[in-house]
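Biologist: I'd like a close look at one part of this protein, the sheet. Could you walk me through how it is put together and what sits against it?

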Amino acid sequence: PYVLDFYCDMVRLCVEVDGSSHELTTEHDQVRDRYLERWGIVTLRVPASEVLRNLQGVVDLITTTARTR
């Protein structure tokens, strides 16, 4: 029932790039994250500002997280 920004089924990792609109949907995001956790999917939330400011750092974080899963 949810649309994910990015998802890797092999490691059951969802990556969400959160813009300023997510500040208003915190409760909805938490409900969605709990739903995904029931399916063994972990959500990694990354602020959009961090993607723009430090793309390589975000890529490294995603890579490290995926490797540990």
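Modeller: Here is the sheet, taken strand by strand, followed by what packs on it and the overall figures.

A word on the ground rules: this is a predicted model, so local features need pLDDT of at least 70 and side-chain atom pairs count only at pLDDT 80 or more, while totals for chains, interfaces and linings use all residues. Residues are numbered from 1 along each chain as its sequence is written, and side-chain values use heavy atoms, with hydrogens and water left out.

The protein has three helices and three strands; helices (H or I, at least four residues) and strands (E, at least two) are DSSP runs, numbered from the N terminus. Along the sequence they come as β-β-α-β-α-α.

Now the sheet itself. The three strands make an open sheet in the order 1-2-3, with mixed pairing; two strands pair if DSSP finds at least two bridges between them. Strand 1 (6–8) and strand 3 (42–47) are the edges, each pairing on one side only. From one strand to the next, the twist averages 20 degrees. (Axes are lines fitted to C-alpha atoms, for helices over the stretch in contact, and angles run from 0 to 180 degrees between N-to-C directions.)

Take the antiparallel half next. Strand 1 pairs with strand 2 over three bridges in the antiparallel sense, and Y7 stands opposite C14 in strand 2. These two strands form a hairpin with four residues between them, and R12 in the turn has a positive phi of about 50 degrees.

On the other side, strand 2 (residues 13–18) runs parallel to strand 3, and six bridges join them. L13 has V42 as its bridge partner in strand 3, and D18 stands opposite P47 in strand 3. Strand 2 is largely enclosed by the rest of the structure, because five of its six residues are buried; buried means under 20% relative accessible area, exposed over 50%, partly exposed in between (1.4 Å probe, protein chains only).

What packs on the sheet? Helix 1 (residues 26–38) does, touching strand 2 and strand 3, and its direction makes about 145 degrees with that of strand 3. Contact here means heavy atoms within 4.5 Å.

Then there's T65, which belongs to helix 3 (residues 55–68). T65 counts as buried because its relative accessibility is 17%. Apart from its neighbours within four places in sequence, T65 is in contact with L13 and L44.

L13 and L44 turn up again in the largest nonpolar core, whose six residues are V11, L13, V15, L44, V46 and V58. Such a core is a set of buried Ala, Val, Leu, Ile, Met, Phe, Trp, Tyr and Cys residues joined through side-chain atoms within 4.5 Å. Strand 2 and strand 3 are the elements that give two or more residues to this core. V46, one of its members, is in contact with V15, E16, V17, D18, V51 and V58, leaving aside neighbours within four places in sequence.

Zooming out, buried residues make up 23% of the 69 residues. Among contacts between residues at least 6 apart in sequence, 59% join residues at least 24 apart. The C-alpha atoms fill a box of roughly 30 × 30 × 15 Å, taken along the principal axes.
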